[in-house]
Amino acid sequence: MKILVINCGSSSLKYQLIDMTDESVLCKGLCERIGIEGSKITHQAHGGKWSEEVPFPTHTEAFMKVVEMMTTGEGAVVADKSEIGAIGHRIVQGAEFFTKSEIVTDAIIDKIEEIAPLAPVHNLAHVQGLRSAKKVFGAEVPNVVVFDTTFHQTMPPKAYMYGVPYEMYEKYAIRRYGAHGTSHRYVSMAAAKFLGKDPAELKMVTCHLGNGSSITAVDGGKCVDTSMGLTPLAGVLMGTRCGDVDPSVVTYMEQKMGIHGQEMADYLNKKCGLLGVSGVSSDKRDVEAAAAAGNERAKLASDMLNYQIKKYVGAYAAVMGGLDCVVFTGGIGENDDYVRSEVCKNMEFLGIKLDEEKNKLRGQDIIDLSAADSRVKVLMVCTNEELMIARDTLALVTAK
């Protein structure tokens with residue numbers, strides 16, 4: 001079966017077509033600036049890359065162009081859209097309503113829309129994508145939704161509840177939900193397989209580090225705690241997100257700056273993090289380059305992120321009562337050897353010891369970075385959320 005994997009943003013549509021006979025990627029691409037002037041598609045297949053400016057008033061037109069690129073011209077990988085057996089969609093927020101991936105119904109789309117206040121930018125875009133996919137591909141092609149939050153549904157209440165009145169949970173579903181769950185699930189499974197272990201035997205900390213970052217405690221193959229919260233704003237310092245702060249910091253800034261509500265939420269999400277502290281960039285590579293050139297604020301931003309990741313690793317080892325493996329993934333986790341080195345430095349007391357020469361290696365999907373005498377395995381695992389979504393999609397549609 002060929003499965004189309006979709007990740008819709010408010011003005012974007014990322015896609016991959018995966019042949020599940022060997023899990024190979026036939027093509028992938030990105031539609032940008034949907035509903036905005038200057039919209040375009042970039043399509044990759046057969047080792048080639050094609051870009052074209054095309055008006056995309058809505059996600060429906062973007063889907064139609066994706067079909068055209070996949071079926072015609074030099075980038076064609078199928079003769080007709082009928083060769084696509086199913087469509088898998090990434091959904092950021094499933095709240096407590098969704099504990100597993102599901103085959104899409106109108107009721108499920110309505111529920112994803114209903115819980116959009118918990119992830120307003122993401123969920124509403126996913127709803128647009130689901131409805132557009134049904135229009136373009138027809139009702140006979142099954143759609144599957146795979147939620148970032150479902151992997152974290154195994155957290156116990158003591159990990160996901162906040163210290164606010166319980167009625168806030170009962171009335172408004174205020175609790176920790178986490179994010180990047182599909183990535184954490186994939187890399188924890190891949191790490192266990194690489195180590196020749198059953199996931200049930202292992203205590204892991206998985207570090208998904210990128211422009212958005214989250215750390216997860218995975219005990220026996222299940223999430224028991226994670227750093228992101230009600231929204232993806234919580235946890236460690238990120239590209240433009242503040243991460244964990246004292247709530248009084250927010251109210252104090254509101255008083256001093258005269259901004260409130262959504263304006264303050266936008267400030268915390270878009271003006272803080274590495275960008276806000278360094279004043280240089282939201283990109284860790286730029287921040288580290290500036291730090292190396294003597295920029296003290298850039299060095300501070302870098303140090304803060306590395307320090308916070310280290311704290312979470314230690315805290316989650318305590319939560320699980322031990323640690324067998326630390327996994328680094330995501331754009332930073334997979335490519336930034338300096339971050340990995342700083343996080344693992346002086347962690348021998350916990351059994352973590354990095355081999356600095358191995359830490360410089362690149363170009364493999366999984367690399368064991370551990371020193372020979374490290375009691376805890378340290379792995380770099382390239383994440384593959386699209387493949388995880390495709391696997392869930394295949395399992396559901398073939399089980400019908």
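**Figure 1. Helix α11 on a sheet of the predicted model.** In this predicted model, helix α11, residues 296–320, lies across the strands β9 (203–208), β10 (214–219), β11 and β12. The helix runs at about 20° to β10. These strands can be placed in an open sheet of six strands, whose order is β11-β10-β9-β12-β14-β13 and whose pairing is mixed. The edges are taken by β11 (222–226) and β13 (366–368); each has a single partner strand, so one side of each is left without a neighbour in the sheet. From one strand to the next, the twist averages 25°.

**Figure 2. The pairing of β12 with β14.** Strand β12 covers residues 325–329 and strand β14 covers residues 377–381. The two run parallel and are joined by four bridges. One residue pair to look for is V327 with its bridge partner in β14, L379.

**Figure 3. The sheet of eight strands and its edges.** A further view shows an open sheet of eight strands with mixed pairing, in the order β5-β4-β3-β2-β1-β6-β8-β7. Strands β5 (48–53) and β7 (102–103) stand at the edges, and because each has a single partner strand, one side of each is left without a neighbour in the sheet. At one edge, β7 is joined by two bridges to strand β8, residues 143–147, and the two run antiparallel. Here E102 stands opposite V145 of β8. Helix α1 packs on this sheet and touches β1, β2, β3 (24–32), β4 (40–45), β5 and β6. The direction of α1 makes about 35° with that of β2. Helix α3 also packs on the sheet, where it touches β1, β6 and β8. Its direction makes about 170° with that of β6.

**Figure 4. Strand β1 and its two partners.** Strand β1 spans residues 2–8 and is mostly covered, with five of its seven residues buried. Strand β2 (residues 13–19) pairs with β1 in the antiparallel sense over seven bridges. The two strands form a hairpin, with four residues between them. In this pairing, N7 has K14 of β2 as its bridge partner. Strand β6 (residues 84–91) runs parallel to β1 and is joined to it by five bridges. Here the bridge partner of I6 is H89 of β6.

**Figure 5. The crossing of helices α1 and α3.** Helix α1 comprises residues 59–71 and helix α3 residues 120–137; their axes come within 8 Å and cross at roughly 50°. At this angle, α1 is oblique to α3. The crossing of the two helices is right-handed. On the α1 side, the contact is made by H59, T60, F63, M64 and V67. On the α3 side, it is made by Q128, G129, S132, A133, K135, V136 and F137. Sorted by class, the contact of α1 with α3 has six nonpolar, five polar and one charged residues.

**Figure 6. The crossing of helices α7 and α8.** The axes of helix α7 (residues 247–257) and helix α8 (residues 261–270) come within 11 Å and cross at roughly 115°. The two helices are therefore roughly perpendicular to each other. In passing α8, α7 makes a right-handed crossing. Helix α7 contributes V250, M253, E254 and M257 to the contact, and helix α8 contributes G261, M264, Y267 and L268. By class, the contact of α7 with α8 has six nonpolar residues, one polar and one charged.

**Figure 7. A buried aspartate in helix α14.** Residue D392 lies in helix α14, which covers residues 385–398. D392 has 14% relative accessibility and counts as buried, because the cut-off is under 20%. If its neighbours within four places in sequence are left aside, D392 is in contact with S101, V146 and R185.

**Figure 8. Two loop residues with positive phi.** R33 is found in the loop between β3 and β4. Its phi is near 60°, a positive value in a residue other than glycine. With a relative accessible area of 42%, R33 is partly exposed. N346 is found in the loop between α13 (337–344) and β13. The phi of N346 is near 60°, again positive in a residue other than glycine. N346 counts as exposed, at 59% relative accessibility.

Key: Residues are numbered from 1 along each chain as its sequence is written. This is a predicted model: local features need pLDDT of at least 70, side-chain atom pairs count only at pLDDT 80 or more; totals for chains, interfaces and linings use all residues. Side-chain values use heavy atoms; hydrogens and water are left out. Axes are lines fitted to C-alpha atoms, for helices over the stretch in contact, and angles run from 0 to 180 degrees between N-to-C directions. Angles under 35 degrees count as roughly parallel, over 145 as roughly antiparallel, 65 to 115 as roughly perpendicular and the rest as oblique. A crossing is left-handed if the near helix is turned anticlockwise from the far one by less than a right angle, and right-handed if clockwise. Contact means heavy atoms within 4.5 Å. Ala, Val, Leu, Ile, Met, Phe, Trp, Tyr, Cys and Pro count as nonpolar, Asp, Glu, Lys and Arg as charged, and the others, Gly among them, as polar. Buried means under 20% relative accessible area, exposed over 50%, partly exposed in between (1.4 Å probe, protein chains only). Two strands pair if DSSP finds at least two bridges between them.
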